[in-house]
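Please work through the following exercises with the sequence and the model open beside you, and try each task before reading its solution.

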Amino acid sequence: MLTATDIADRITTAWADHLTRQARPNTPHDHVYASAWRVCDRRMVYELTAPERLPPWPADLLARFRRGDDRERDLLADAARIGRDADPPFSIIGQQERFVLKDHKSRPAITGKVDARILIDNQRMPLEVKAWAPMLVDRIERFEDLFDNPWTRGGGYQLLAYLYGAGEPCGFMLLDRSGLPRLLPVNLEANLDRMEAFLTKAERVIDHVQAGTLPDYLEGDSAECRRCSWYGHTCNPPLAATSATLLTDPELEAQLERREQLRAAAVEYEALDKDLKAQLRGVEFGIAGHFQITGQWGKQSRVDLPADLKKQYTVTDPKGRFTLEITRL
Amino acid sequence: MTNERDEDQAATTALDLRRPDVPTTLGELAARKGEGLEILDARVTVLASARKAGLRLTSPADWVLFKSPEEHGGQVVGYLQDAGCDRVRDVTGIEIFGISVPEKVSGADPTEFHYIVRGSGRCKMTRQVVEDMEGGRSSTDDFCNGKRGVELELLVRKAARANLDGNIVRELAGMKAVPVEELEAAWSGTHKQISQCRLGRGFGTRDERVGGRSEKAPDIEPPVCQHCGSKGVYRPAKNDRKAFYGCPNYTKHPDKKFIVDSAEWAAKQARPAPADVPQTAANRGTPPPAASGAPPSADDIFKSPASREPGQEG
């Protein structure tokens, strides 16, 4: 007789087998999929010419893909219902419409399927639904944030390709979350340089495929190479390395040593200073033991902007903040 | 006679020479007399700090510990695995280049094969270069279990490259046999601990390495080291030496020995434990505590503390 553990194991195995049977094998193709933007041209050539060489997706990953498809279907169904009562009302149309982008040589370069379009205010705006891992989605507040992470960057290019292919200036990325889904507006014009770079990249890759050649190895990004599914078995690039910057100025070393000596006292001083200032806020003149305390009220100006206006004038400088941590080894 | 410009150039050169990646010779340093020693000291300090920073980036899961036999001193060293090498690589600036096409070596059985890949490496910090290093993996390795066909082929090839990368980093960064004390010092102030590392050769049987008991050990509870509280480990008899229990962490208290004769301990365990808790008015009538190892009953947990005062331990 089967134990409960045996039954659980057998059901899990059957589930995995079911998903594996349904998986479609990868086949070579002569154009780039909209979802397949990669940093490395060489990787894109491999994906076009020999995708069958990669091992099949494991059942666990196939299950996650399936969950993503389910979420996409549910979210679009919800959006269609919500649209009837919204102000202004909107509807979900044109699901899975195919598009083809041609390169300068009139070859199909990028192809894809738009998840859906939102018909609102006489505009048919493309919509891409993504059900990424929550830890990825939590870091995304604006469309630009997609390009900060190697795992979401491709999704950004994918939607730009849809907008470009559809000739629509705006669209949306709908991100599934544990709470309310997040709808990110996307403006093609602001990202036109990215889209053009993608198209040029696709053209370059197709040139290599047609010529039967391989692009050079990716340079200076060994982290990307280590992430790549072709690394090691098909592609064996040299690995560059950054190195710690060597600062050998004796004066700097002495300053660091002195800083370390003062650290404990500084921490205590900061805490005490903060505590005392909180206690003594509002005391304009006072005496405590051997100490005289003087305080003065002063003007302070601040600008209270509405959130949307604040967002409009917020500029993010990728190198505006620098966090420094000094650790004694 | 030197002018201001010459002095400036000399100062700049001395500062540059403090960097370990700037080539110099012993003769050149010796010519600088006292300053030469200072330069040498600065270079050594930078290299030691870089090594420590690299070790600090690794995790216990990246290491396998090996122990030399007791008669050879019982030193414990750590071997950095391929995954950990990747973390160290960027600190020391190790570049990998000149990678060969992976070479397949077939075994007797069609499912048994090996892949070998060669490559070279250089360390930007020390300017050391290693050439034609080899990395290899076999289809019979543990990670290949359950894999077949193309998947197995790709997996072995990929692992061979990872092994080559690891071998180059281990060679150039000196991570093949790191004394456990050095690792412990590098991890001080972090949550990483030596006890979280995997144990390899020298730490007993496979069962013992994962915290189990040796097959040869008597089926009794081992004694506990009075110095550090660790469970004693059974050491079987060897030549003239009798079997004994020793402390698995004896390197942490080298001055305090813990050795218990196995036969004596077994005899002691076989005797019934003396009733060393005298009956007093306070404990008379109270049921004895459950034997160690036996789970307490619901009554032990919920009913016996009835007479306990608030705040009293029970």
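## Surface and burial of the two chains

The accessible surface of chain B comes to about 19,700 Å², and 53% of that area belongs to carbon and sulfur atoms. These values, like those below, are computed from a predicted model.

**Exercise 1.** State what accessible surface chain A has and what share of it belongs to carbon and sulfur atoms, and then state what percentage of the residues counts as buried in chain A and in chain B.

*Solution.* Begin with the surface of chain A, which comes to about 22,200 Å², with 53% of it contributed by carbon and sulfur atoms. Turn next to burial, for which a residue must have under 20% relative accessible area. In chain A, 33% of the 329 residues count as buried, and in chain B, 33% of the 314 residues do.

**Exercise 2.** Describe the overall build of chain A, using its secondary structure, its radius of gyration and its charged side chains.

*Solution.* First, count the elements: chain A holds nine helices and 10 strands. Second, consider its extent, for which the C-alpha trace spans about 85 × 65 × 60 Å along the principal axes. Third, set the radius of gyration of chain A, 28 Å, against the value near 20 Å that a compact globule of 329 residues would have. Fourth, look at the contacts between residues at least 6 apart in sequence, of which 59% join residues at least 24 apart in chain A. Finally, chain A carries 45 positive and 50 negative side chains, and the centres of these two sets lie 2 Å apart.

## Backbone details in chain A

**Exercise 3.** Locate the cis peptide bond that ends at A:Pro88, and place that residue between its neighbouring elements.

*Solution.* The bond joins A:Asp87 and A:Pro88, with omega at about -5 degrees. A:Pro88 belongs to the loop that runs between helix H3 (59–85) and strand E2 (90–93) of chain A.

**Exercise 4.** Are A:Asp121 and A:Asn122 buried or exposed, and where in chain A do A:Asp121 and A:Asn122 lie?

*Solution.* Start with A:Asp121, which is found in the loop between strand E5 (116–120) and strand E6 (123–130) of chain A. Its phi is near 55 degrees, a positive value in a residue other than glycine. A:Asp121 is exposed, because its relative accessible area of 59% is over the 50% cut-off. Continue with A:Asn122, which lies in the loop between E5 and E6 of chain A and has a positive phi of about 65 degrees although it is not a glycine. With 80% relative accessibility, A:Asn122 likewise counts as exposed.

## Domains and a buried leucine in chain B

**Exercise 5.** Into which domains is chain B divided, and how many Å separate the centres of domain 2 and domain 3 of chain B?

*Solution.* Chain B, which has nine helices and 11 strands, is divided into domain 1 (2–49), domain 2 (63–186) and domain 3 (204–270). Taken over C-alpha atoms, the centres of domain 2 and domain 3 of chain B are separated by 34 Å. The contact between them takes six residues from domain 2 and five residues from domain 3 of chain B.

**Exercise 6.** Describe the surroundings of B:Leu17 and name residues that it touches.

*Solution.* B:Leu17 has its place in helix H1 (residues 4–17) of chain B. It counts as buried, because its relative accessibility is 2%. Leaving out residues up to four places away in sequence, B:Leu17 touches B:Val22, B:Pro23, B:Thr24, B:Glu28, B:Arg32, B:Ile39 and B:Arg43. B:Leu17 and B:Arg43 are 26 residues apart in sequence, and their C-alpha atoms are 8.1 Å apart in space.

Note on methods:
Residues numbered from 1 in each chain as written. Chains lettered and ligands numbered in written order. Predicted model: local features only at pLDDT ≥ 70, side-chain atom pairs only at ≥ 80, totals over all residues. Heavy atoms only, no water. Helix = DSSP H or I, 4+ residues; strand = E, 2+ residues; numbered from the N terminus. Rg over C-alpha atoms; globule rule 2.2 N^0.38 Å. Buried < 20%, exposed > 50% of the residue type's maximum accessible area, 1.4 Å probe, protein only. Contact = heavy atoms within 4.5 Å. Areas by Shrake-Rupley, 256 points an atom, 1.4 Å probe, with all protein chains shown as cover. Lys, Arg positive; Asp, Glu negative; His and termini not counted. Charge placed at Lys NZ, Arg CZ, Asp CG, Glu CD. Domains from an automatic or database assignment.
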